Amino acid sequence: MAAAHRKSLSPGRISGRLFRPVVRWLTRVRLIPREPELDPDKPVCYILESDALSNVLILQKTCQDLKLPKPGAAMTLPGNVEFRGVMALQHLRGMLFRRPDWRPHLADLKTLLDHARLDPEFDVQMVPVSIFLGRAPDRESGWFKLLFSEDWMIAGRLRRLLSMLVHGRNTLVQISRPVSLKEFLDEDPGPGRRVRKFSRLLRVHFRRTRTGVIGPDLSHRRTVVDLILRSRSVREAIRSESDKKKQSVARVRRRARGYAREIAGDYSHAFIEFAYRVLGWFWNRIYDGVHVHHLENLESIPKGAGIVYVPCHRSHIDYLLISYLVYHNGFAVPHIAAGVNLNLPVAGRIIRKSGAFFLRRSFRSNALYSAVFNRYIDTIFSRGVSMEYFIEGTRSRSGRLLKAKTGMLAMTVQSFLRNRERPVYFLPVYFGYERLVEGDSYLYELSGGKKKKETLAGLLRSFSILREKFGEVHVGFGEPVCLDQHLDRLAPDWRDWHPEDSPRRPEWMSGAMDDLGQSIMQRINAAAHVSPINLLGLALLSSPRHAMAQPELEAQMELMRDLMTEMPYSDALTVTERSTGEILEYGENMGLIERRSDHLGDIILCRESDAWRLSYFRNNALHAIALFSWCACVLRNNTTFFRRDLLRMGRVIYPFLKDELCLRWSPEEFAEATEKALELLLRRGLLIKHADPGTLRRAHGETLQAMQLRLLSQPMFSSLERFYITVALLVKNGSGVLSAGELETLCHLTAKRLSIIYSFESPEFFDKALFKNFIRMLRRARVLSADNDGKLVFDEALEIVIRDAKSILSKEIRHSIWQLSPAPEEVRKEAA
């Protein structure tokens with residue numbers, strides 16, 4: 001049998017015997033993302049990135065442990081030629097200073113391809129294998145390890161040996177999906193191009209794998225800044241600014257360089273490894289556990305695709321947590337868009353080292369800054385960098401998701417349209433906390449206080465949290481949004497538009513970005529986890545004075561959990577499995593509730609000072625119970641109700657509920673889901689069958705089920721009260737009297753008065769942002785419009801809404817809203 005003339009990658013007898021037990025003892029391999037699926041009936045050829053002896057020995061160890069075909073095992077090619085089943089993309093030459101030689105692998109590929117095409121039925125599984133030393137995380141300490149962590153440099157023998165000594169226990173191996181040699185030959189790119197094409201595919205694969213695991217090979221920050229200033233778009237912006245402001249080109253260029261330096265990150269692999277170890281200690285110090293849900297959504301994104309992480313924004317901890325978890329699970333840390341307010345002395349430099357880049361809150365009127373920032377996004381995105389930004393624009397102070405801001409989304413889409421080489425996926429991420437580091441400041445701001453500016457002194461004071469515990473954290477990765485598919489659905493001709501040919505945004509851009517933002521927010525909600533604190537807040541805050549007898553509270557929590565599991569909001573929604581007794585004990589340990597006992601039993605209550613904190617976490621999960629709560633609201637003050645009227649009212653109110661809570665259903669799906677929810681409430685006994693199938697009847701007045709129905713209505717009742725406050729104030733003052741700003745202020749003041757009289761649970765009930773969004777929705781739905789003086793005008797359609805509200809709200813509440821609202825003159829006088 002003839003043998004193919006090639007350098008064997010199998011270690012020699014002496015070196016193999018000498019180093020194989022050392023490698024086995026020093027290394028501990030972790031596979032990402034999972035074990036490969038190989039066909040046992042077909043020969044295998046492993047392909048390494050380089051032929052370093054450590055790579056070959058680690059591959060042999062990994063295959064032996066996984067019971068995979070042995071690397072370097074002989075196979076017989078057509079033509080009776082023997083071939084060893086392992087090759088390397090780079091042959092490293094030199095004793096101390098290694099340099100890559102690509103020629104040997106080209107000869108190996110040519111031998112394999114030339115002989116394989118002699119037999120059309122012959123097939124080989126070509127399996128690329130990537131090996132990283134010092135990338136996989138562990139719990140050990142020692143900053144010396146950072147010096148020898150994996151990067152983009154070609155390591156010499158000495159460094160490779162030290163890397164194995166230091167990082168051998170943290171070895172990451174990725175065995176990729178096998179490529180069929182037969183399928184590749186069937187494509188037949190031509191005899192002269194087969195080798196070059198396969199080699200190019202391998203180089204791209206290994207580069208993308210390395211980028212995905214340790215991050216992109218970024219040039220020095222100064223080089224990135226120079227590239228930005230040399231780009232055509234920035235040079236044109238500099239000339240335009242120079243002409244407009246009558247300033248020299250050199251002066252404007254210096255200002256553009258200052259913008260670029262203000263924006264640009266300074267990503268450091270060594271610092272990321274350092275920060276990972278610090279954060280691992282930090283999480284163990286302040287949290288009882290960090291739980292990750294649906295990681296498979298991240299793993300499902302094709303290798304080489306651009307990833308944009310778009311999490312909800314609950315806390316400054318979000319920045320740290322997502323980077324830690326992504327890195328911990330074998331992916332490159334994303335570059336985070338951070339507000340320039342975080343560019344503090346010392347802290348700003350540290351944040352840049354983690355890959356963060358800074359942006360101003362608004363720069364629409366600054367054309368030069370816009371050009372520099374857009375070019376920076378293009379530069380880093382074209383290099384395979386994953387990004388992260390918070391499309392809500394700021395942290396939620398109420399626990400609800402905020403309206404998506406589409407500025408960064410539009411910049412990302414335009415960057416994609418300028419460079420369409422890689423597909424782009426937006427990955428929604430849900431954060432669920434049980435206690436917030438910023439809890440006190442949120443309450444202060446919702447109560448009317450001014451947001452405090454971030455300072456270095458404030459950052460240093462925040463280290464006091466190390467003495468406290470913050471419960472558990474749940475992080476859910478939502479279903480990715482593929483940008484190509486999203487644009488195909490909304491703007492089928494998007495491929496015909498090119499930014500360089502038309503500087504103006506296409507007509508479809510604004511609508512597509514709004515829809516993309518809504519889709520992301522809905523998928524964040526779909527990935528939610530209902531924690532013990534969420535469930536406790538939903539149940540306990542539904543009682544008038546935030547106090548309930550323990551048996552009734554446990555029954556209400558069981559009911560809500562059963563409803564959310566029997567008819568879940570989404571397939572991805574997860575709900576705590578703790579017993580109700582364990583939940584109460586957990587709430588006591590977290591300091592959110594207290595227990596008072598007498599001879600009749602225990603009463604569980606939430607102190608007034610803790611009611612807002614608990615309401616924040618209740619609001620995280622409102623969407624999961626919203627459908628059932630809406631149905632209960634309609635029957636709360638009505639013994640019987642026509643089913644058709646409930647569905648009609650649902651069609652009117654749902655667009656506003658959908659906007660406030662980022663609900664996922666279309667109007668048709670909401671009507672269908674309402675029917676199913678009513679049937680489930682009937683089975684649970686909260687509703688009773690009526691002789692007329694078209695009539696709904698609530699449970700009898702003094703029963704447990706009647707009480708549960710009333711408590712079930714409370715989570716959504718505040719939303720309906722805000723709805724009625726807005727409409728009632730419009731009708732009371734008349735068409736063409738109030739401006740949007742005046743109506744917003746009137747709503748805020750009226751709700752604030754009601755909260756004082758009826759002890760509503762938190763300042764978020766009179767949050768101005770909620771009323772502002774609701775008024776915006778009324779205008780978008782064309783229920784309201786503005787006249788030439790900016791006053792809101794409407795017709796008799798609002799009178800129908802008022803009549804519907806009478807069937808939901810009690811007479812006492814309606815009367816209070818009508819009487820307590822201040823006159824517009826008071827609002828204008830206060831504003832003046």
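I started with Phe 19, which sits in helix α1 (residues 13–26); helices here are DSSP runs of H or I, at least four residues, numbered from the N terminus. This is a predicted model, where local features need pLDDT of at least 70, side-chain atom pairs count only at pLDDT 80 or more, and totals for chains, interfaces and linings use all residues. Residues are numbered from 1 along each chain as its sequence is written, and side-chain values use heavy atoms, with hydrogens and water left out.

I checked how covered Phe 19 is: partly exposed, at a relative accessible area of 35% (buried is under 20%, exposed over 50%, partly exposed in between, with a 1.4 Å probe and protein chains only).

Next I looked along helix α25 (residues 643–661), which bends by about 45° at Ile 653 (the angle between axes fitted to the seven residues ending there and the seven starting there). A proline, Pro 655, follows within four residues. Ile 653 is itself on the buried list for α25, which also includes Tyr 654, Phe 656 and Leu 657. Just past the helix, I found Cys 662 with a positive phi of about 55°.

Then I went to the cores (sets of buried Ala, Val, Leu, Ile, Met, Phe, Trp, Tyr and Cys residues joined through side-chain atoms within 4.5 Å). The largest nonpolar core has 201 residues, and Phe 373 and Trp 630 are among those with the most contacts inside it. Helix α27 (residues 704–733) gives the most to this core, 13 residues. Apart from it I noted another core of 22 residues, including Val 81 and Met 126.

Methods: Helices (H or I, at least four residues) and strands (E, at least two) are DSSP runs, numbered from the N terminus.
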